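Biologist: Let us go through this model together. I ask, you reason, and each reply ends on what I asked for.

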Amino acid sequence: MTVPDFRDYRLTPPQYDDVAAEYSRLTKQLEAAGSSEAAIAVVEKWDALRRRLYTWSALVNIRFNQDTRNAEYKKAREYCDELEPRLTNLAVAMKRQLIESPYRAAVAKRFGAHAFDLWKCDVASFDPAIESDLAEQSKLAAQYTELLASAKFDFRGESLTLSQITKFAENPDRAVRHEAAQLQWGWFGQHQSQLDAIFDKLVRLRHTMAEKLGYKSFIEVGYQRMQRTDYGQQDVERFRAQVREHVVPLAAEIRRRQAARLGVEPLMAWDEGLHDPAGNPKPQGDHDWLIERASEMFRAIGSGLDEFFTGMRARNLMDLNAREGKGAGGFCDTLPEFGMPFIYANFNGTERDVLVFTHEMGHAFQTYLSMNMPLTDYLLGTAETCEIHSMSLEFLTWPQMELFFGADADRFRKLHLTTSILFLPYGTAVDHFQHLVYAQPHASPDDRAAMWQEMERTYLPWLNWDDLAHPASGRRWQSQIHVFKYPFYYIDYALALTCALQLWVRAAEDRAAAMQCYVELCRRGGEAAFSDIVRSAGLASPFEEGCLQQAVEHAYRQLEPA
Ligand code: ZN
């Protein structure tokens, strides 16, 4: 039997009338249900429909990102963008009907009560009145993706994409780093009016949607859309305060030591990517070599990752190299109709490739282990839960890093820990910034730039942009995809990292126990809320006082023994 190849995955695009007719049948069946069993049977039929629709939409999104210039993929994406809000309308009506159903308790008993909490979020963040706004939002997000994918640089004899030019950020030659940064940010500067305009439209559109839904601002809608059922703005605010108090000073010290090691005073923005005067550790081969080594790594780790990765390779379920016309960033999505996930990245030959790879494989492994969840809602956790799966695998693969970095593996591990600590202030700044932006939706692009500058002073006080005019004007966030496309999806990384660091500590003490805990975490997928999942894994919640401080200080001591 031949294994189906990703490139042959095809799904017939759904027609609205057909889906609406199916929903209408399900609605009537649920109304007429005379027993718990009958109601549960309707939910099962509904879920099969949702799995098909989810897979189709994920496939359309992956293909568009793979080649943003392909007319057929673009047309499919436009069709999907128009159709999706209408499908959401049908799904939300069904969720509302289930919440109000006399069989609610029986459905909750069969599928878990968590689904109802998630559905309440979905009901609270949707109304048919915002259907066309959602389609418009998707269009603007796609404009951003296409714009970034169109960036092209000729530098030192190479033709480079945005992802590729960032490899020079860690070039040992300071003049090269500076020149590459000037080119990269120069491109953003040339497109400033477009970027400002796309984001301005997105913010105003999102605020309009919030008003139509009856909220004061989009912040509340953002939290509902992220399906945050067990924590709110005040919890996140307290977490940000802990980052300011306990992490920013350590990060500043890391930057001071970095400057001293490099012999550059002061450290400039274009120096930040280089952590060692000898150059950052690099994977010792290209994409194909890395994939071979990854197979070896997963064979050594076991726990099911080996067979899983073999299956991914056999079906070509990855697209990891950067190339012209490809959408920026990295992601993983699940294709439940085919029983497998897909991972996506933009390799550029730096140590980041290994990190992005293990990160996306963490997501992929979770979706694989959760593939048979009884509801589509549980295939993925909420974002902060999902990022535990990915960030933990970055750390749990540490013992195998010799495969990629040889004698430089220790330097890699140290760099990974360093950049993890440094990420926390940045990630928190991105989150805080978005709260400011959506609290003042009528602010001008320059006002927003000033808000970001305030964030840099608060969370990244060492930062020195000097002659890089675009980021110096307060617009560095314009290269951060999430800010445009996934509002409020960012603190999730900081919360998850706080959990992944705990698992990293546990792995150093008892490797087998940590792996078992990881697999169990992945297996639970999205069947429960973040705090529940974290607690069941024996981890402390990042919202607990002292949790972040303890995790980060422990990591810091490994880097800089007293
Ligand atoms: Zn991730």
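Biologist: How many nonpolar residues does the lining of the second largest cavity have?

Modeller: This is a predicted model. The lining of the second largest cavity includes four polar and two charged residues. Leu148, Ala149, Ala151, Leu162 and Ala328 are among the lining residues, and Ala and Leu count as nonpolar. The nonpolar count is five.

Biologist: Which elements give two or more residues to that lining, the one of the second largest cavity?

Modeller: The cavity has a volume of about 50 Å³. Its lining includes Leu148 and Ala149, and also Leu162 and Ser163. The elements that give two or more residues are α6 (131–149) and α7 (162–165).

Biologist: How many cavities of 30 Å³ or more does a search of the whole structure find?

Modeller: The second largest, at about 50 Å³, is one of them. The search of the whole structure gives three.

Biologist: Turn to the pockets. Which element gives the largest share of the lining of the largest pocket?

Modeller: The largest pocket holds about 390 Å³ of space. Its lining counts 13 residues, with Leu11, Val60, Arg63, Glu72 and Ala76 nearest the centre. Both α2 and α3 (71–99) supply at least two residues. The largest share, five residues, belongs to α3.

Biologist: How many charged residues are in the lining of the second largest pocket?

Modeller: That pocket has a volume of about 250 Å³. Among its 15 lining residues, Arg261, His275, Lys414, Leu415 and Thr418 lie nearest the centre. Five of the lining residues are nonpolar and four polar. The charged ones number six.

Biologist: Now the sheet. Which are its edge strands?

Modeller: Three strands form an open sheet with mixed pairing, in the order β3-β5-β4. An edge strand here pairs on one side only. The edge strands are β3 (318–321) and β4 (331–335).

Biologist: What is the bridge partner of Asn321 in β5?

Modeller: Strand β3 runs parallel to β5 (residues 340–347), and three bridges join them. For Asn321, the partner in β5 is Phe347.

Biologist: Which helix packs on the sheet and touches β3, β4 and β5?

Modeller: Helix α12 (residues 287–301) packs on the sheet too, but its listed contacts are β3 and β5. The helix touching β3, β4 and β5 makes about 145° with the direction of β4. That helix is α2.

Biologist: Are the rings of Phe331 and Tyr344 stacked or edge-to-face?

Modeller: Phe331 sits in β4 and Tyr344 in β5, 13 residues apart. Their centres are 4.4 Å apart, with 20° between the planes. Planes under 30 degrees apart count as stacked. The pair is therefore stacked.

Notes: Residues numbered from 1 in each chain as written. Predicted model: local features only at pLDDT ≥ 70, side-chain atom pairs only at ≥ 80, totals over all residues. Heavy atoms only, no water. Pairing = 2+ DSSP bridges. Helix = DSSP H or I, 4+ residues; strand = E, 2+ residues; numbered from the N terminus. Contact = heavy atoms within 4.5 Å. Axes fitted to C-alpha atoms, helices over the stretch in contact; angles between N-to-C directions. 1 Å grid on protein atoms, 1.4 Å probe; cavity = no way out; pocket = protein on both sides within 12 Å on 5 of 7 lines; lining within 4 Å. Points joined across faces, edges and corners; volume = space filled by probe spheres on them. Phe/Tyr/Trp six-rings, centres within 6.5 Å; stacked < 30°, edge-to-face > 60°.
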